[in-house]
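Let's take a walk through this structure together, one site at a time. Have the sequence and the 3D view open side by side as you read.

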Amino acid sequence: MTEQEALAIQFIQQAKHLVFMTGAGVSVPSGIPDYRSLDGVYAGFEAPEYLLSHTCLKREPEKFYQFVKNLYHPEAQPNVIHQVMAELERTKEVAVITQNIDSLHQQAGQKNLIEFHGSLYHVYCQQCGKSVPVTSYLDDDFHEGCGGPLRPDVVLYEEGLDENNVQHAIRQVMQADTIVVVGTSLRVYPFAGLLDYRSPDAKVILVNKEATQVSRDTLTVLGDATKFFEKIKKSEKK
Ligand SMILES: [Zn+2]
């Protein structure tokens, strides 16, 4: 174990109010590719930013549907990162704020969870507002009940975030004594901006494959996040 890992584990164990901020790197070990790496693969040569935009949903719903279907991995299971976060919630105050739209934190049993960009696994009809099972959506993007167009409850490009989610996330970050950022290089705003609300005394730990300059006082654990979370798991059992 490196010095940084040992210190990070100590901070996590001592934390009373722990906030995890998670990104795509947490889902990759569950077999979910980062959609930003899917450039041009599925729908001609258009960028995923267009294919996941409000404009595309409205103007070219078929194209949107073809692309979004590729983001579903219903067979994916939570990995050790999701599991450890959910286990920590049994012994202390924990909140998870995630950029991920795959609902894997929810599947792992995380209770205090903020899905900042929504979830692919909540689907509703844009005409009548009813919720629809994901399996129906994957069969057909029109509502069997009323014929209206379906969509997943995710925040598309050009769409605003859910204000309740944002306020909830800000409150959690303000109260946190320890914030652990996992699997994201914090380039996506306003998600990354949440850190600005932290208390001046809060400890910030970054667990990522590549280093990111978050702030001078950040403790960085470089490398495979699953390996680090295995170590947290072992230390919790002692
Ligand atoms: Zn409907």
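Where is the place of His117? His117 sits in the loop between β3 (113-115) and β4 (118-125). Keep in mind throughout that you are looking at a predicted model. His117 makes a good starting point, since an unreviewed UniProt entry gives it the annotation "active site".

Is His117 buried or exposed? With a relative accessible area of 14%, His117 is buried, because anything under 20% counts as such. If you set aside residues up to four places away in sequence, His117 touches Thr98, Gln99, Ile101, Asp153, Val154, Val155, Leu161 and Val188. One of these neighbours also takes part in a polar contact: the side chain of His117 reaches the backbone oxygen of Gln99 at 3.4 Å.

Now follow the chain from His117 into β4, and on to the zinc ion. Cys125 is placed in strand β4, and its SG atom is one of the donors that coordinate the zinc ion. The other donors are the SG of Cys128, the ND1 of His143 and the SG of Cys146, and the coordination distances run from 2.0 to 2.3 Å. Along the chain, the donors follow the spacing C-x2-C-x14-H-x2-C.

What is the geometry of this site? The angles among the four donor atoms of the zinc ion are 103 to 119°, and the site is tetrahedral. For orientation, the ideal angle for four tetrahedral donors is 109.5 degrees.

The record points to these residues as well: UniProt, again in an unreviewed entry, places the feature "binding site" at Cys125, Cys128, His143 and Cys146. They are spread over 22 residues of sequence, yet they cluster in space, with a largest C-alpha distance of 9.0 Å.

It is worth checking how accessible some of these zinc ligands are. Cys125 is buried, at 1% relative accessibility. His143 counts as buried too, with a value of 13%. Cys146, at 33%, is partly exposed, because that class lies between the 20% limit for buried and the 50% limit for exposed.

The contacts of Cys125 and His143 help to fill in the surroundings of the zinc ion. Leaving aside neighbours within four places in sequence, Cys125 is in contact with Lys130, His143, Cys146, Gly148, Pro149 and Leu150. His143 lies in the loop between α8 (134-139) and β6. With the close sequence neighbours again left out, His143 touches Cys125, Cys128, Lys130, Val132, Gly148 and Leu150.

Next, step back to the sheet that includes β4. In which order do its three strands lie? The order is β5-β4-β6, in an open sheet with antiparallel pairing. β5 (131-132) and β6 (150-154) stand at the edges with a single partner strand each, so one side of each has no neighbour in the sheet. The pairing of β4 with β5 is antiparallel and covers two bridges. If you would like to find a bridge in the view, look at Tyr124, whose partner in β5 is Ser131.

A few loops are also worth a visit for their backbone details. In the loop between β7 (178-182) and β8 (203-208) you will find Pro190, and the peptide bond leading to it from Tyr189 is cis, with omega near 5°. Leu186 lies in the loop between β7 and β8 as well. Phi of Leu186 is near 55°, a positive value in a residue other than glycine. Leu186 counts as buried, at 11% relative accessibility.

Ser103 is another non-glycine residue with a positive phi, near 60°. Look for Ser103 in the loop between β2 (93-98) and α7 (104-107), where it is buried with a relative accessible area of 7%.

Our last stop is Asn79, in the loop between α5 (61-69) and α6 (80-88). What does the side chain of Asn79 reach? It reaches the backbone nitrogen of Ile81, at 2.8 Å. Asn79 is buried, at 9% relative accessibility. Beyond residues up to four places away in sequence, Asn79 touches Val26, Pro29 and Ser30.

Conventions: Residues numbered from 1 in each chain as written. Predicted model: local features only at pLDDT ≥ 70, side-chain atom pairs only at ≥ 80, totals over all residues. Heavy atoms only, no water. Donors = N, O, S within 2.8 Å, 3.2 Å for Na, K, Ca; no water. Tetrahedral: all angles 85-135°; square planar, octahedral: opposite > 155°, others 65-115°. Buried < 20%, exposed > 50% of the residue type's maximum accessible area, 1.4 Å probe, protein only. UniProt positions renumbered as here; feature names shortened; annotations may be inferred. Helix = DSSP H or I, 4+ residues; strand = E, 2+ residues; numbered from the N terminus. Contact = heavy atoms within 4.5 Å. Polar contact = N/O pair within 3.5 Å; in protein donor to acceptor, adjacent residues only side chain to side chain. Pairing = 2+ DSSP bridges.
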